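Colleague: I have not looked at this one before. Can you walk me through it?

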Amino acid sequence: MLVLVAPGQGAQTPGFLTPWLELPGAAARVAAWSDAIGLDLAHYGTQADADAIRDTAVAQPLLVAAGILSAAALGDVAPGAVAGHSVGEITAAAFTGVLDDTAALALVRKRGLAMAEAAAITETGMSALLGGDPEVSVAHLEKLGLTPANVNGAGQIVAAGTLEQLAVLNEDKPEGVRKVIPLKVAGAFHTRHMAPAVDALAKAAADLTPADPTVAYVSNKDGKVVATGAEVLERLVGQVANPVRWDLCMETFKELGATAIIEVSPGGTLVGLAKRALPGVKTLALKTPDDLDAARELIAEHSA
């Protein structure tokens, strides 16, 4: 059984969209999306530097656009399940027909702007913890006033909070943690610091009419499969200020019988986690169009 997954913020790198725009029809699709949301996606995906695409209001729509574009390049795909990490949940909603492509990009544009505004209230950020026992790490983070904003499985937790709190964490690591790595994000996402963005996103979501997912949609909230478009949309709104439980998503992939995982562009992070947490499951990251042939072979072997 094939699972199609989409990465979250921090996966973007300068110029990563360039090779995808060379595919037939891709530049025209991206130009139409750019006009619809008032953001030059081609510019940011090909010419902008790392600081420019670190901006939450830019990074989020750029990632969703890349995910939709690279998935479309695969042709007809019949995954058994879909999921996305953080903002990748909106990409996954587009994969499974909950939102059409333009609606997904319009929603993520509003999400990015709202989260950027919330992040500007207080200087906050996120850092990944490598190694250590999850229970020990979570207790230590809470002692420092930090939130375990992403529980990613495979021994990885992402802490979020103020820059001062993260500086303390860097000097006072939980027992067993080898390294604390600052992430390329502009705020403490999936924490109480994002509460103002939830209200803004709820207003944007109220104008949408979601369809029910056509395949199993696995939610970041608790790793559960969500059956209705209305609940998917409700969860997309609430997840802005709630922790990402990717560990539980991977447990669900296993329960569903996953045998292969493909991560859309700019892939790499989620298949890396899967290699450690789901031994025996084949993985592939769609980094460039050069990966499409291998991905299609995997789809032929493992799709429903």
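Modeller: We can go through the sheets, the helix packing, the backbone oddities and the pockets in turn. Keep in mind that this is a predicted model.

Colleague: Sheets, then. What is the strand order in the open sheet of 6 strands?

Modeller: The order is β8-β7-β2-β1-β9-β10, and the pairing is mixed. The edge strands are β8, residues 225-226, and β10, residues 282-285. Each of these two pairs on one side only.

Colleague: How many bridges join β7 to β8?

Modeller: There are 2 bridges between β8 and β7, the latter being residues 216-218, and the two strands run antiparallel. As for who faces whom, Val 218 stands opposite Val 225 in β8.

Colleague: And what holds paired strands together in general?

Modeller: Strands of a sheet pair through backbone hydrogen bonds, in either a parallel or an antiparallel way.

Colleague: Now the sheet with 4 strands. Is its pairing parallel or antiparallel?

Modeller: Antiparallel, in an open sheet with the order β4-β5-β3-β6. β4 and β6 stand at the edges with a single partner strand each, so one side of each has no neighbour in the sheet. From one strand to the next, the twist averages 25 degrees.

Colleague: How many bridges are there between β4 and β5?

Modeller: β4 and β5 are joined by 5 bridges and run antiparallel. To give one residue pair, Pro 148 has Ala 159 in β5 as its bridge partner.

Colleague: Switching to helices. At what angle do α1 and α6 cross?

Modeller: Roughly 50 degrees, with the axes of α1 (residues 26-37) and α6 (residues 101-121) coming within 10 Å. That angle makes α1 oblique to α6. The crossing of α1 past α6 is right-handed.

Colleague: What about α6 and α9, how far apart are their axes?

Modeller: The axes are 8 Å apart, and α6 packs against α9 (residues 195-205) at an angle of about 160 degrees. Angles over 145 count as roughly antiparallel, which means α6 is roughly antiparallel to α9. This crossing of α6 and α9 is also described as right-handed.

Colleague: You mentioned backbone oddities. Which peptide bond is cis?

Modeller: The bond from Ser 265 to Pro 266 is cis, with omega near -5 degrees. Pro 266 sits in the loop between β9 (260-263) and α12. Ser 86 is another one to look at: its phi is positive, about 60 degrees, although it is not a glycine.

Colleague: Where is Ser 86 found?

Modeller: Ser 86 is in the loop between β2 (81-84) and α5 (88-95).

Colleague: And why point those out?

Modeller: Because most residues other than glycine have a negative phi, and most peptide bonds are trans.

Colleague: Last topic, pockets. What is the volume of the largest pocket?

Modeller: About 430 Å³. It is lined by 23 residues, and the closest to its centre are Gln 9, Gly 10, Gln 156, Leu 183 and Thr 269.

Colleague: Which elements give two or more residues to that lining?

Modeller: They are β3 (124-131), β4 (147-153), β5 (156-162), β6 (177-182) and α12 (269-277). The largest share, 3 residues, comes from β3.

Colleague: How does the lining of the largest pocket split by class?

Modeller: It has 12 nonpolar, 10 polar and 1 charged residues.

Colleague: How much space lies in the second largest pocket?

Modeller: The second largest pocket holds about 160 Å³. Its lining residues include Leu 4, Ala 71, Asp 76, Phe 95 and Val 215.

Colleague: And the class split for the second largest pocket?

Modeller: Its lining divides into 8 nonpolar, 3 polar and 1 charged.

Technical notes
Residues are numbered from 1 along each chain as its sequence is written. This is a predicted model: local features need pLDDT of at least 70, side-chain atom pairs count only at pLDDT 80 or more; totals for chains, interfaces and linings use all residues. Side-chain values use heavy atoms; hydrogens and water are left out. On a 1 Å grid over the protein atoms alone, a cavity is a set of points where a 1.4 Å probe fits but cannot get out, and a pocket is an open set with protein on both sides within 12 Å along at least five of seven lines; lining residues have an atom within 4 Å of a point. Grid points are joined across faces, edges and corners, and a volume is the space filled by probe spheres set on the points. Ala, Val, Leu, Ile, Met, Phe, Trp, Tyr, Cys and Pro count as nonpolar, Asp, Glu, Lys and Arg as charged, and the others, Gly among them, as polar. Two strands pair if DSSP finds at least two bridges between them. Axes are lines fitted to C-alpha atoms, for helices over the stretch in contact, and angles run from 0 to 180 degrees between N-to-C directions. Angles under 35 degrees count as roughly parallel, over 145 as roughly antiparallel, 65 to 115 as roughly perpendicular and the rest as oblique. A crossing is left-handed if the near helix is turned anticlockwise from the far one by less than a right angle, and right-handed if clockwise.
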